[in-house]
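I wanted to go through this model helix by helix and note which contacts hold it together. My entries follow in the order in which I looked things up.

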Protein chains: 2
Amino acid sequence: MVNPAPSLPPAERLRRQIAFITEVDKLKEIFRQTILTQSRRAENSAEHSWHFALMIIVLAEHSNHQPLDVLRILKMVLIHDLVEIDAGDTFAYDTKNMADQHEREARAADRIFGLLPPDQTAEFRALWDEFEARQTPESRFAAACDRFHPMLLNCLTDGHAWQKHGVTHDRVYARNAHVAEGSTAIWEYAVKMIDDAVAKGHLAPGPKP
Amino acid sequence: MVNPAPSLPPAERLRRQIAFITEVDKLKEIFRQTILTQSRRAENSAEHSWHFALMIIVLAEHSNHQPLDVLRILKMVLIHDLVEIDAGDTFAYDTKNMADQHEREARAADRIFGLLPPDQTAEFRALWDEFEARQTPESRFAAACDRFHPMLLNCLTDGHAWQKHGVTHDRVYARNAHVAEGSTAIWEYAVKMIDDAVAKGHLAPGPKP
């Protein structure tokens, strides 16, 4: 629940909130490297955010840390990709663009969360910072599901994004091993899934990690 | 938080949960009558669900009833359209297909929620029933945002879906007046938005409600 700032009248709060809701429609135009299981078109970041949030409520029992504040995780998840409206989606294996990713995204967070009333600007920025820092049980579990989601979609689409970008299985292990910090059970499932993708020829073997 | 059913081992629970997560990828292929503000392509129900969930966390303070269980609302919102995977999207002004809509959707709910472990099947079905019945403060506020979202997108795209289907302003009032049960403030905003759409020629006038 939000405590309305006394300095803004309710009508002005609502006007700003709807300006923010209007702006974030743009996330539906930001495309990722993963593709959908049915039409095999590229997934966008709004769809990913919904699927990711649904994973949280379905899989929360598998978090290493219990209990979790699931509401706070869902808030993080629903806003975690909004910075891509300005900064674009950075592919998980794109080391070149990852160098200045956080700086570009922090500028985007300032602008986009800044559309809201001040108390919500501060709340959403704190949630985004928590998600990025991955130091709390909630953000660690969120990060686990955020990484598991594209791995699952890749496995269901014959390794599409891995094949397209020449990603080998050692890089998949290295990039995603932190899933285990949030959920040992999900990481164990992912390891079997990755090994199965290698066995099927959907993910190229690399040097053992 | 979910209480794991003692009858299913954790690995089998996870297997079923991931089968469900895989199945719901199909919601990204269900298209609505509303279009996006930027590319003006049709919106799909996964994107709508994300945008709707984000509206809940931004606008919760405008609910007529306080306090709200925001986590329960978000769960409802994230699953509310999954039945469309089998039943398709029914346009809000399509009175013909609305006749058997609930029956078609209830069958879909049985199948799709039935993929989950039994305790989660029951939990998600209860959430979907609560959303459909619109009798609790949580489901009334959810319904308000669910109706406000396409009105907002229509207003931002020159009345696209209204124009395409010859919907007049009296029908928009009649179909959406229950927004006021969830949030008087959001309904007042919507009324101004609808009147503005009429003034701009984006929504055809009909007989006064």
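I first looked up where H3(A) touches the other chain, and found that Lys75(A), Leu78(A) and Ile79(A) in H3(A) meet Trp50(B), Ala53(B), Leu54(B) and Ile57(B) in H2(B), contact being taken as heavy atoms within 4.5 Å. By class I count six nonpolar, no polar and one charged residues in the contact of H3(A) with H2(B); here Ala, Val, Leu, Ile, Met, Phe, Trp, Tyr, Cys and Pro are nonpolar, Asp, Glu, Lys and Arg are charged, and the others, Gly among them, are polar.

I note for all entries that this is a predicted model, in which local features need pLDDT of at least 70 and side-chain atom pairs count only at pLDDT 80 or more, while totals for chains, interfaces and linings use all residues. Residues are numbered from 1 along each chain as its sequence is written, chains are lettered from A and ligands numbered from 1 in the order in which they are written, and side-chain values use heavy atoms, with hydrogens and water left out.

For the geometry of this pair, H3(A) and helix H2 (residues 45–59) of chain B pack at an angle of about 125°, with their axes 10 Å apart; the axes are lines fitted to C-alpha atoms, for helices over the stretch in contact, and angles run from 0 to 180 degrees between N-to-C directions. H3(A) and H2(B) are therefore oblique to each other, since angles under 35 degrees count as roughly parallel, over 145 as roughly antiparallel, 65 to 115 as roughly perpendicular and the rest as oblique. Helices (H or I, at least four residues) and strands (E, at least two) are DSSP runs, numbered from the N terminus.

Next I asked how the two chains are related, and a rotation of 180° with 0.0 Å of shift along its axis superposes chain A on chain B, with an RMSD of 0.0 Å, the fit being by least squares on the C-alpha atoms of residues with pLDDT of at least 70 in both. The two copies are thus related as by a two-fold rotation axis. The copies meet through the same surface, because 100% of the interface residues of chain A are also interface residues in chain B.

Within chain A, I then looked at H3 (residues 70–79) against H8 (residues 137–156), which pack at an angle of about 50° with their axes 9 Å apart. That makes H3(A) oblique to H8(A). Arg72(A), Ile73(A), Met76(A) and Val77(A) of H3(A) make this contact with Glu138(A), Ser139(A), Phe141(A) and Ala142(A) of H8(A).

For H6(A) and H7(A), the axes come within 9 Å and cross at roughly 160°, and the two helices are therefore roughly antiparallel to each other. Among the residues that meet there are Asp110(A) and Phe113(A) in H6(A) and Arg125(A) and Trp128(A) in H7(A).

Asp110(A) also forms a salt bridge with Arg125(A), the closest N and O atoms being 2.6 Å apart; the term covers a side-chain nitrogen of Lys or Arg within 4 Å of a carboxyl oxygen of Asp or Glu. This pair links distant parts of the chain, 15 residues apart. Over all chains the structure holds 44 salt bridges.

Last, I checked the backbone. The peptide bond from Gln66(A) to Pro67(A) is cis, with omega near -5°, and Pro67(A) lies in the loop between H2 and H3 of chain A. Arg40(A) has a positive phi of about 65° although it is not a glycine.
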